[in-house]
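This report looks at the charged pairs and the nonpolar surface of the structure shown below. Please keep the sequence and the coordinates at hand while reading.

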Amino acid sequence: MGNLPQFRINQVKPFSKLDLDFAGPFEMKAAMIRKIKISKGYIYIFVYLTTTSIHIELDSYLSTPLFIAGLERFLSRRGRCTDIYSDCGKNFVGTHQYLKEVLQ
């Protein structure tokens with residue numbers, strides 16, 4: 001078995017090192033209206049890498065603005081994180097490009 005990364009061994013603040021992925025599409029029911037409407041839904045899964053506890057956010061569409069809103073909801077509830085690891089999904093790459101433009 002290989003050596004574990006330092007963040008898996010050392011004690012760090014909860015949700016400071018994250019793995020991020022999304023799942024879906026799933027069928028969602030909008031029950032707030034009289035006629036129930038079924039639409040697509042996606043789940044963002046934030047995994048704390050030290051103890052593998054999770055935080056789940058629900059979105060209705062895969063887009064950069066909705067992902068940033070979900071990330072803001074996560075950060076407002078759990079606090080800032082130092083590192084976020086994810087795959088190269090289109091919404092993650094689009095968000096990275098958008099944030100680079102905003103910072104410049």
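## K17 and its partner D83

In this predicted model, K17 counts as buried, because its relative accessibility of 16% falls under the 20% limit for that class. The side chain of K17 meets that of D83 in a salt bridge, with a distance of 2.6 Å from N to O. K17 lies in strand β1 (residues 17-30) and D83 in strand β4 (residues 83-86), so the pair ties together parts that are 66 residues apart in sequence.

The other partner, D83, has a relative accessibility of 27% and counts as partly exposed, so the salt bridge joins a buried lysine to a partly exposed aspartate. As a general matter, side chains of opposite charge can pair when their charged atoms come close.

## The network around R73

The structure holds 3 salt bridges, and E57, D59 and R73 are linked in a network of such bridges. The side chains of E57 and R73 meet with an N to O distance of 2.8 Å, and this pair links distant parts of the chain, with E57 in strand β3 (residues 54-59) and R73 in helix α2 (residues 64-78), 16 residues apart. D59 also forms a salt bridge with R73, the closest N and O atoms being 3.3 Å apart; here too the pair links distant parts of the chain, D59 in strand β3 and R73 in helix α2, 14 residues apart.

How buried or exposed are the members of this network, E57, D59 and R73? E57, at 11% relative accessibility, counts as buried, and D59, at 5%, counts as buried as well, since buried means under 20% relative accessible area. R73, in contrast, has a relative accessibility of 34% and counts as partly exposed, so that in this network two buried acidic residues of strand β3 are linked to a partly exposed arginine of helix α2.

## A nonpolar patch on the surface

Apart from these charged pairs, Y98, L99 and V102 form a nonpolar patch on the surface, and together the three residues have about 280 Å² of accessible area. V102, one of the members of this patch, is found in helix α3, which covers residues 90-103.

Why is V102 classed as exposed? The relative accessible area of V102 is 51%, and exposed means over 50%, so V102 belongs to that class.

How values were computed: Residues are numbered from 1 along each chain as its sequence is written. This is a predicted model: local features need pLDDT of at least 70, side-chain atom pairs count only at pLDDT 80 or more; totals for chains, interfaces and linings use all residues. Side-chain values use heavy atoms; hydrogens and water are left out. Patches are made of residues with over 30% relative accessible area and no salt bridge: like charges are joined within 9 Å, nonpolar side chains (Val, Leu, Ile, Met, Phe, Trp, Tyr) within 5 Å. Accessible areas come from the Shrake-Rupley method with a 1.4 Å probe; for residues, only the protein chains shown count as cover. A salt bridge is a side-chain nitrogen of Lys or Arg within 4 Å of a carboxyl oxygen of Asp or Glu. Helices (H or I, at least four residues) and strands (E, at least two) are DSSP runs, numbered from the N terminus. Buried means under 20% relative accessible area, exposed over 50%, partly exposed in between (1.4 Å probe, protein chains only).
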